[in-house]
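Visitor: Can you walk me through this one? I have the coordinates open.
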Amino acid sequence: MASAALEAENITRRYRSSGRGVEGVSLSVAPGEVLGLVGPNGSGKSTLLRVLSTAIAPDSGAFRVCGLDGLRERRKVRARLGIMVDRPTHYGDLSGWANAYLFARAYGVPEEKADRALRGLFEHFGLAEYRDEKAKTYSYGMAKKLALIEALAHEPAVLLLDEPSLGLDYTSRLAYQRKLREAAENGCAVLLASNQVDEVEALCDRVVFLHRGRAVAEGTPEGLVSSLEGLRRVVAALRNPVPYAEVGEVPGVRRVVPEGRGLVVHCEDRPGIVAGVVGAIVRCGGDITGLSVERPTLEDVFARLTGEALRGEDEA
Ligand SMILES: Nc1ncnc2c1ncn2[C@@H]1O[C@H](COP(=O)(O)OP(=O)(O)OP(=O)(O)O)[C@@H](O)[C@H]1O
């Protein structure tokens with residue numbers, strides 16, 4: 001795919017100490033496209049992003065950014081990347097603004113342009129009133145927003161984002177999503193590592209599932225979800241958690257997953273199934289305070305493909 005802004009072929013990177021990492025992952029992202037990299041903790045998302053950001057070398061495989069060789073032309077490649085890693089680090093004694101300004105200048109943005117871009121971004125992310133405060137006084141969410149500003153200010157051709165919205169409040173999340181869409185509309189290719197499926201479904205044109213270091217499926221969110229035609233999830237909020245084994249025995253129920261105090265029941269979309277599920281929950285002693293019947297999500301697709309959950313119960 002000659003037109004891809006980011007193209008990775010057969011990337012393998014194993015950590016010597018654990019023997020884990022990523023294996024044989026290939027993907028491509030076109031200009032203006034948002035590709036979601038989805039997988040549970042430890043599936044290899046960050047490792048792949050570390051390789052693609054040139055922070056670590058792969059054991060084998062190759063990648064290109066805007067046609068440049070990711071291994072032989074690292075400096076030029078870096079200049080085209082906007083990177084936001086999971087744990088942002090800053091010069092703590094410098095102000096947020098000074099951190100971002102240094103970044104933009106290091107990427108070669110002329111003074112006036114850097115000033116203009118940063119003013120806009122600090123305003124957009126609600127950091128304008130904190131711009132002159134030392135970065136070490138920033139909260140986790142603020143530091144994340146600062147890292148997003150640093151990733152965006154030089155208008156990179158390719159954005160590599162690792163769980164960008166984790167730790168952001170609702171308003172900041174919307175601001176980040178708007179900015180991401182805007183960047184893509186302006187031709188930026190975005191690789192977004194996340195296991196927040198609602199966000200991935202809302203933002204991504206395509207999705208690659210990672211499982212134990214390997215890419216196990218790829219498709220549009222809609223295409224992947226429609227592969228589960230005929231399935232539904234019944235989400236029951238309960239006043240108290242209950243032993244729920246009997247719910248799993250209702251004909252047509254595939255899986256029961258506790259979420260907080262409630263239950264998510266994955267089942268076939270057949271007549272009478274909701275009544276059957278509700279009856280079983282009540283017989284288990286469940287006091288239902290809320291009930292909804294929903295279509296499957298990417299989370300369900302992942303579970304179907306791998307037999308494993310995308311997120312732990314406490315993250316649901
Ligand atoms: N520095 C390291 N040394 C040894 N093993 C590592 C190292 N970093 C990651 N790993 C292992 O490599 C695998 C992939 O980890 P990675 O951080 O890429 O996953 P991830 O999908 O980004 O997870 P998370 O969602 O928790 O951020 C895991 O099994 C992890 O234990």
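Guide: What follows covers the sheet, the helix and the ligand shell. This is a predicted model, where local features need pLDDT of at least 70, side-chain atom pairs count only at pLDDT 80 or more, and totals for chains, interfaces and linings use all residues. Residues are numbered from 1 along each chain as its sequence is written.

Visitor: What's the strand order in the open sheet?
Guide: β2-β1-β4-β5, with antiparallel pairing. Strands are DSSP runs of E, at least two residues, and helices are runs of H or I, at least four, numbered from the N terminus. Two strands pair if DSSP finds at least two bridges between them.

Visitor: Which are the edge strands?
Guide: β2 (21–29) and β5 (68–69). Each pairs on one side only.

Visitor: How many bridges between β1 and β2?
Guide: 6, with β1 spanning residues 6–14. Arg14 has Gly21 as its bridge partner in β2, and Glu7 has Ser28.

Visitor: And what's in the turn of that hairpin?
Guide: 6 residues lie between β1 and β2. Gly19 in the turn has a positive phi of about 75°.

Visitor: How does β1 pair with β4?
Guide: Antiparallel, over 5 bridges. Ala8 has Phe63 as its bridge partner in β4.

Visitor: New topic. Which residues come nearest the ligand?
Guide: Tyr15, Ser18, Asn41, Ser46 and Thr47, of 14 around the ligand (C-beta atom, placed from the backbone, within 6 Å).

Visitor: Which element gives the largest share of that shell?
Guide: α1, with 3 residues.
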